[in-house]
Amino acid sequence: MILHTEITGQGQAIVLIHGLFGSYENLGVIARALAGQWQVINLDMRNHGRSDWHDSMSYALMAEDVKETLDHLGLEQVILLGHSMGGKIAMEFALRYPERVSKLILADISPVQNRPRHLEILSALDGIDLSNLQSRQQADQQLALVITETGVRQFLLKSLYKDGDQFRWRFNVKALIANYSQLLEAPPSKGPYSGPTLFIKGAESDYLLPEHQSLIQQLFPHSKAKVIMGTGHWLHAEKPVAFAKIVTDFLLS
């Protein structure tokens with residue numbers, strides 16, 4: 001699948017890959033920070049944003065989507081940056097095609113199987129009857145019955161849009177539910193990817209833990225880690241300036 005892309009800047013190409021329920025717009029802050037020195041290829045993954053929908057959604061398939069898109073753009077080698085689910089896609093691509101990745105940046109994610117954290121969100125999204133939805137406020141009120149965090153609801157509602165008289169989600173709720181167990185899995189390829197790799201951890205997040213270190217070293221032997229204090233899983237949104245500086249320093253090193 002050739003993915004929807006938003007391309008800015010000039011120079012060496014860096015590809016940005018968003019997380020679950022996201023779109024290219026979620027990494028817009030880092031895209032703008034990098035576009036002065038690099039060509040930024042910001043992707044919408046399958047079943048997200050403006051890319052096509054599909055019933056299947058494994059990390060192997062999504063890594064192939066990235067390859068097909070890069071081939072379409074004529075890009076032989078790129079830097080990859082992925083957050084959360086996007087980080088696992090970036091890992092899988094780098095482990096499959098190490099010669100095509102000059103540097104790898106992984107935001108708050110490990111190459112391990114994750115526990116199911118999104119079941120209530122998926123259920124809440126599935127419970128909204130879009131055919132009878134009158135406003136975004138009404139959608140927010142329905143989500144609030146299950147999702148108490150205002151920030152999470154606001155993030156999800158960024159993907160709610162009006163098509164004529166009908167509200168629609170930019171992500172494919174049915175496909176995300178059907179494939180959710182696969183999205184929890186570890187990237188299947190065993191690599192290794194021996195290029196320079198940076199893991200960036202949100203200090204208050206538990207997606208990246210000390211017990212993952214031995215597997216990380218096995219798959220990504222030339223990796224190092226940075227921690228952003230006072231942030232959780234959404235570290236790039238919570239502290240964008242600090243995140244952009246860490247990324248830029250790594251790219252220029």
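**Notebook: E92, strand β5 and the nonpolar cores**

I began with the surroundings of E92 and listed what it touches once residues up to four places away in sequence are set aside: Y59, A60, A63, P187, P188 and S189. I note at the outset that I am working from a predicted model. E92 is a residue of helix α3, and I looked up whether this glutamate is buried or exposed. Its relative accessibility comes out at 0%, and because buried means under 20%, E92 counts as buried. Of the contacts listed, S189 is one that I followed further, and I found that the side chains of E92 and S189 are joined by a polar contact of 2.6 Å.

From helix α3, which spans residues 85–96, I went on to the strands on either side of it in the β-α-β unit, and recorded that β4, α3 and β5 together make this unit with a right-handed sense. Strand β4 (residues 78–83) pairs with β5 in the parallel sense, and I noted 6 bridges between them; within this pairing, V78 stands opposite V101 of β5. I then asked which strand β5 joins through 4 bridges. That strand is β8 (residues 197–202), which runs parallel to β5, and here I found L106 opposite F199 of β8. As for cover, I recorded that 7 of the 7 residues of β5 (residues 101–107) are buried.

Next I turned to the nonpolar cores and asked which members of the largest one touch the most other members. In this core of 60 residues, the answer is F21 and W169. Helix α3 appears again here, as it gives the most to this core, with 7 residues. I also noted that the core draws at least three residues from each of domain 1 (5–114 + 185–252) and domain 2 (118–177). For W169 I wrote down the contacts that remain when neighbours within four places in sequence are left aside, among them W53, L125, I128, L143, L160 and Y161. There is a second, separate core of 22 residues, and I marked L16, A107, L235 and F250 as included in it.

My last entry concerns S23, which I located in the loop between β2 (13–17) and α1 (28–34). With a relative accessibility of 5%, this serine counts as buried. Leaving out residues up to four places away in sequence, I found that S23 touches H18, L43, D44 and G49.

Terms used
Residues are numbered from 1 along each chain as its sequence is written. This is a predicted model: local features need pLDDT of at least 70, side-chain atom pairs count only at pLDDT 80 or more; totals for chains, interfaces and linings use all residues. Side-chain values use heavy atoms; hydrogens and water are left out. Buried means under 20% relative accessible area, exposed over 50%, partly exposed in between (1.4 Å probe, protein chains only). Helices (H or I, at least four residues) and strands (E, at least two) are DSSP runs, numbered from the N terminus. Two strands pair if DSSP finds at least two bridges between them. A crossover is right-handed if, with the strands pointing away from the viewer, the path from the first strand over the helix to the second runs clockwise. A polar contact is a pair of N or O atoms within 3.5 Å; within protein, one must be able to donate a hydrogen and the other to accept it, and residues adjacent in sequence count only if both atoms are side-chain atoms. Contact means heavy atoms within 4.5 Å. A nonpolar core is a set of buried Ala, Val, Leu, Ile, Met, Phe, Trp, Tyr and Cys residues joined through side-chain atoms within 4.5 Å. Domain bounds come from an automatic or database domain assignment.
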